[in-house]
Amino acid sequence: MQNPSFQNRIASYYHSSINSGDAYPKLKGRLKTDTCIIGGGLSGLCTALPLAEAGHDVALIEAARIGYGASGRSGGQIISDYACGIPEIEQQLGEVQAQWFWQQSLDAVELVDARVRQHNIQCDWTRGYATVAIRPKHFDALMQWQQHAQQRYGAHHFELWDANRLQQHLASERYRGALYDPLSGHLHPLNYTLGIARAAAAAGAHIYEQTPFVRLSPKGSEGYIVHTPEASIECRQVVFAINTFAGLNNSRAVRPLTRKAMPVSTFIIATEPLGEAARDLIRNNMAVCDNRHILDYYRLSADGRLLFGGKDSEWIHDARRMAKAVRRDMLKVFPQLESARIEYAWGGDCDITLNLAPHFGRLNKQLYFMQGYSGHGMALTGIAGLAAAEAIMGDGNRLAHFEHLHHRNIIGGRYLRIPASMIGSTYYRLKDAR
């Protein structure tokens with residue numbers, strides 16, 4: 001995992017196509033505020049924005065640059081549902097509660113759409129998303145979910161496509177069919193993240209870059225002091241929005257978070273611009289993801305590149321080898337791209353829980369956290385941020401629902417994370433191969 005302290009954003013297609021030169025100062029000296037948010041990804045920014053819009057005094061600190069982590073590197077998919085699936089929530093909390101969670105996931109997508117429009121964020125937001133099936137059992141799972149979603153949740157917008165229908169939109173013979181979601185979609189994640197930061201700053205949030213969190217000390221019953229290398233922030237509430245980077249911090253305050261979520265790695269490549277051939281690959285410009293455990297995900301960029309992601313890079317630490325491995329997977333889907341040049345390749349981590357359900361809540365009445373998006377963070381961070389912001393302002397109802405989700409501890413903690421992840425990826429590869 002890359003330590004974010006004092007680093008610029010990593011080289012990627014997204015960084016090369018950034019449409020904003022926004023920069024925020026490093027915090028020095030002493031600051032007093034109502035709420036301090038630690039982490040300048042979408043979790044933190046989507047908490048800062050509604051707080052600032054309500055006139056709440058809020059400061060956000062980021063160790064590197066805004067969007068340094070997963071928020072600025074991901075596949076850019078804006079999708080409903082949760083990585084664990086609604087059936088996991090049904091099993092834990094019952095169908096009535098699961099219906100509430102399902103609606104929240106739909107609202108998360110619409111919140112992205114509303115903010116893009118309200119704040120005029122230029123991030124190539126596009127509707128359309130397909131979950132594709134490689135094996136018959138995978139297609140059976142899609143059929144079962146479509147029926148369940150329609151009968152129990154009134155979700156009539158899904159379209160089940162057989163292989164022939166799918167090939168009308170996708171130039172690949174790899175799949176048995178797909179479940180198409182016209183409401184979900186994709187965008188440029190770094191430009192979206194920077195747009196949310198700009199909106200939060202315009203609303204009055206104080207944002208600081210290259211200001212890493214070092215430790216937290218209590219200030220009696222009045223709150224906390226957040227310490228950075230060159231500053232201290234006195235505040236009533238603290239929001240931990242550090243996700244995968246919790247394991248890099250030695251502060252006791254974050255140790256409970258490292259017991260519930262762990263980082264897993266993924267890798268993305270971007271081809272050269274494909275010109276007219278791009279339209280032939282994905283004719284309706286949807287985002288695509290298969291429903292294996294170790295999955296592929298891909299889409300077209302606004303300038304006609306194929307962005308293709310997948311793998312888990314715990315086994316391969318060399319970026320060139322990872323790029324070659326992901327390219328081999330790309331050619332399984334699109335063999336017609338054999339001669340296409342790969343112009344960008346980058347990796348990163350997302351945080352997962354053992355059951356893949358989101359982990360949001362409070363360590364106490366003044367310490368908030370959000371983590372465990374498990375690959376669904378681009379949309380779900382909006383709801384997580386609202387839940388935390390509402391609770392800080394006195395309405396903890398939305399956050400309380402998420403706190404009812406059960407999460408087991410990760411055995412071995414921070415020291416066995418990588419071995420555990422390697423064992424887990426091997427297990428899921430074997431399941432995918434059956």
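**Reading a predicted fold, step by step**

Me: Let me start with one residue: does Ala-241 count as buried or exposed?
Reply: Ala-241 counts as buried, because its relative accessibility is 6% and the cut-off for buried is under 20%. Keep in mind that this is a predicted model.

Me: Where does Ala-241 lie?
Reply: Look in the loop that links strand S12 (237-240) to helix H8 (255-258).

Me: Which residues does Ala-241 touch, leaving aside those up to four places away in sequence?
Reply: Its contacts are Ile-37, Ile-38, Gly-39, Ser-43, Gly-44 and Met-370. It also helps to compare sequence with space: Ala-241 and Thr-381 are 140 residues apart along the chain, and their C-alpha atoms are 9.9 Å apart.

Me: Now the sheet. In what order do the strands of the open sheet come?
Reply: Read across the six strands as S8-S3-S2-S12-S19-S18, with mixed pairing. The edges are strand S8 (206-208) and strand S18 (359-364), each of which pairs on one side only. From one strand to the next, the twist averages 15°.

Me: In which sense do S12 and strand S19 pair, parallel or antiparallel?
Reply: Parallel: S12 and S19 (residues 367-371) pair that way over three bridges. To find the spot on screen, look for Phe-240, which stands opposite Phe-369 in S19.

Me: Which strands does helix H2 touch where it packs on the sheet?
Reply: Helix H2 (residues 42-53) touches strand S2 (35-38), strand S3 (58-61), S8, S12 and S19. The direction of H2 makes about 165° with that of S3. Helix H11 (residues 377-392) packs on the sheet too, touching S2, S12, S18 and S19. For H11, the direction makes about 170° with that of S19.

Me: How do I read a pair of helices? At what angle do helix H3 and helix H4 pack?
Reply: H3 (residues 86-93) and H4 (residues 95-118) pack at about 140°, and their axes are 7 Å apart. H3 and H4 are therefore oblique to each other, because an angle has to be over 145 degrees to count as roughly antiparallel. The crossing of H3 past H4 is right-handed. On the H3 side, the contact is made by Ile-86, Ile-89, Glu-90 and Leu-93. On the H4 side, Glu-95, Gln-97, Ala-98, Phe-101 and Trp-102 take part.

Me: What should I note about the phi of Asp-81?
Reply: Asp-81 is not a glycine, yet its phi is positive, at about 75°. Asp-81 sits in the loop between S4 and H3 and is buried, with a relative accessible area of 17%. Asp-124 also has a positive phi without being a glycine, at about 60°. Its place is the loop between H4 and strand S5 (126-133). Asp-124 is partly exposed, at 38% relative accessible area.

Me: One last residue: which strand holds Gln-77?
Reply: Gln-77 is in strand S4 (residues 77-78). With a relative accessible area of 13%, Gln-77 is buried.

Me: Which backbone oxygen lies 3.4 Å from a polar atom of the Gln-77 side chain?
Reply: The oxygen belongs to Val-288. Val-288 is also one of the residues that Gln-77 touches, beyond those up to four places away in sequence. That list includes Tyr-129, Gly-185, His-186, Cys-289 and Met-378 as well.

Notes
Residues numbered from 1 in each chain as written. Predicted model: local features only at pLDDT ≥ 70, side-chain atom pairs only at ≥ 80, totals over all residues. Heavy atoms only, no water. Helix = DSSP H or I, 4+ residues; strand = E, 2+ residues; numbered from the N terminus. Buried < 20%, exposed > 50% of the residue type's maximum accessible area, 1.4 Å probe, protein only. Contact = heavy atoms within 4.5 Å. Polar contact = N/O pair within 3.5 Å; in protein donor to acceptor, adjacent residues only side chain to side chain. Pairing = 2+ DSSP bridges. Axes fitted to C-alpha atoms, helices over the stretch in contact; angles between N-to-C directions. Parallel < 35°, antiparallel > 145°, perpendicular 65-115°, else oblique. Left-handed = near helix turned anticlockwise from the far one by under 90°.
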